[in-house]
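Thank you all for coming. I would like to take a few minutes to walk through one model, moving from a helix to the sheets, so please have it open as I speak.

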Amino acid sequence: MLAKPLIKQIKLARPDDWHLHLRQGKAMRSVVGMTARQMGRAIIMPNLSPPVKTVKQALDYRKEVVSALPKSSNFNPLMTLYLTDNTTKQDIINASNEEHVYAVKLYPAGATTNSESGVTSLPNVYPALEQMQKESIPLLVHGEVTHDDIDIFDREAVFIETILEPLTNKFPGLRVVLEHITTKDSVDFVTQSRDTIGATITAHHLLANRNHMLVGGIKPHYYCLPVLKRKVPHQDALIAAATSGNPKFFLGTDSAPHYQNEKESACGCAGVFSAHAAIELYADAFEKANKLDMLEGFASNYGADFYGLKRNTEIITLEKRPWMVPKSYSFSDSKVIPFLAEEQLSWRLML
């Protein structure tokens with residue numbers, strides 16, 4: 001049997017990032033260009049301090065992001081609102097009437113970075129969810145319970161069983177994206193659910209598991225929420241889902257930059273910074289699974305389809321050209337440590 005020819009180049013429609021953290025001010029300006037050079041669009045997370053809770057705040061934030069881009073950039077930031085106990089039906093109506101606001105984000109209070117203003121009890125937001133269902137605005141879900149008595153490795157599975165499944169049954173027309181899934185439980189739930197329920201998968205959850213974070217000493221730059229899980233069955237299930245061609249699963253980096261000194265401390269900063277090489281990281285993951293032919297659907301098509309947007313037509317090129325990820329990048333007046341710092345990636349985006 002003849003060996004398969006080695007793939008040296010990949011061409012695909014420009015991808016989109018359906019889950020991205022950019023921060024604010026000088027910090028945002030340090031990193032936004034990394035995403036803009038790779039992605040056509042990105043869903044921008046609203047968990048700033050203070051959070052983005054109104055259309056006006058979302059538009060002000062979008063203006064700040066756009067002003068940080070080169071004039072030649074075609075990158076389109078898609079804004080979201082932060083769901084709180086006080087979000088009203090009118091807030092949702094306002095969002096549905098604004099072309100630059102695309103979704104609303106549910107953070108259970110205390111689940112992750114800047115989630116203190118998150119939802120404390122789901123019945124508090126039933127009126128807003130009912131209006132979202134009516135307006136066909138997607139609910140983006142950070143799927144973890146936050147109870148102290150629930151093991152951190154079980155919080156996603158418990159959330160699905162006790163909160164998400166009852167929620168989707170109560171609002172059967174609500175469009176839902178279960179963000180940055182980390183477990184086989186999530187893969188199974190999304191696969192078996194109706195077509196209005198999808199999920200994003202990060203590059204770091206495809207390429208790493210909890211051994212990478214814990215073996216040989218705790219590595220803070222692998223720490224994220226939801227936390228990295230076991231290889232079997234969870235990481236393997238994520239790889240299978242991402243490379244399956246199932247349009248319910250699509251690219252969302254959850255790239256979340258933190259200052260180096262804050263990550264390397266007892267503060268508990270959760271977040272992996274992957275915007276420096278997002279599409280290259282996914283290419284490495286798909287190549288390891290021998291599924292490079294499935295990358296374009298996952299990265300460039302399925303997310304746009306779920307959000308009802310036109311697919312990007314511009315083509316990007318990745319070449320098999322190994323390179324070393326830098327030790328750090330400038331981040332405001334400090335440094336941010338990238339995912340897989342000082343390690344080699346196989347693919348490089350050609351500009």
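**Helix H4 and the two sheets**

Let me begin with Ser-136, which comes just after helix H4 and takes a positive phi of about 60°; helices here are DSSP runs of H or I with at least four residues, strands are runs of E with at least two, and both are numbered from the N terminus. I should say at once that this is a predicted model, in which local features need pLDDT of at least 70 and side-chain atom pairs count only at pLDDT 80 or more, while totals for chains, interfaces and linings use all residues. Residues are numbered from 1 along each chain as its sequence is written, and side-chain values use heavy atoms, with hydrogens and water left out.

Within H4 itself, residues 126-135, the buried positions are Ala-128, Leu-129, Gln-131 and Met-132, where buried means under 20% relative accessible area with a 1.4 Å probe, protein chains only. Viewed down the axis of H4, these buried residues fall within an arc of 160°, so they line one face of the helix; the arc is taken from the directions from the helix axis to the C-beta atoms. Their cover includes helices H3 (89-96) and H5 (155-170) as well as strands E5 (101-106) and E6 (139-141), with contact meaning heavy atoms within 4.5 Å.

E5 and E6 bring us to an open sheet of eight strands with parallel pairing, in the order E2-E3-E4-E5-E6-E7-E8-E9, where two strands pair if DSSP finds at least two bridges between them. At its edges are E2 (17-20) and E9 (249-251), each of which pairs on one side only. Inside this sheet, E4 (residues 76-82) pairs with E5 in the parallel sense over four bridges, and Met-79 stands opposite Val-101 in E5.

How is the three-strand sheet ordered? This open sheet runs E1-E10-E13, with antiparallel pairing. E1 (9-13) and E13 (344-350) are the edge strands, and each has a single partner strand, so one side of each is left without a neighbour in the sheet. E1 is joined to E10 (residues 315-324) by five bridges, and Ile-10 has Leu-318 in E10 as its bridge partner.

Finally, helix H11 (residues 278-288) packs on this sheet, touching E1, E10 and E13, and its direction makes about 125° with that of E13; axes are lines fitted to C-alpha atoms, for helices over the stretch in contact, and angles run from 0 to 180 degrees between N-to-C directions. Helix H12 (residues 295-307) lies across E1 and E10, running at about 30° to E1.

Note on methods. Buried < 20%, exposed > 50% of the residue type's maximum accessible area, 1.4 Å probe, protein only.
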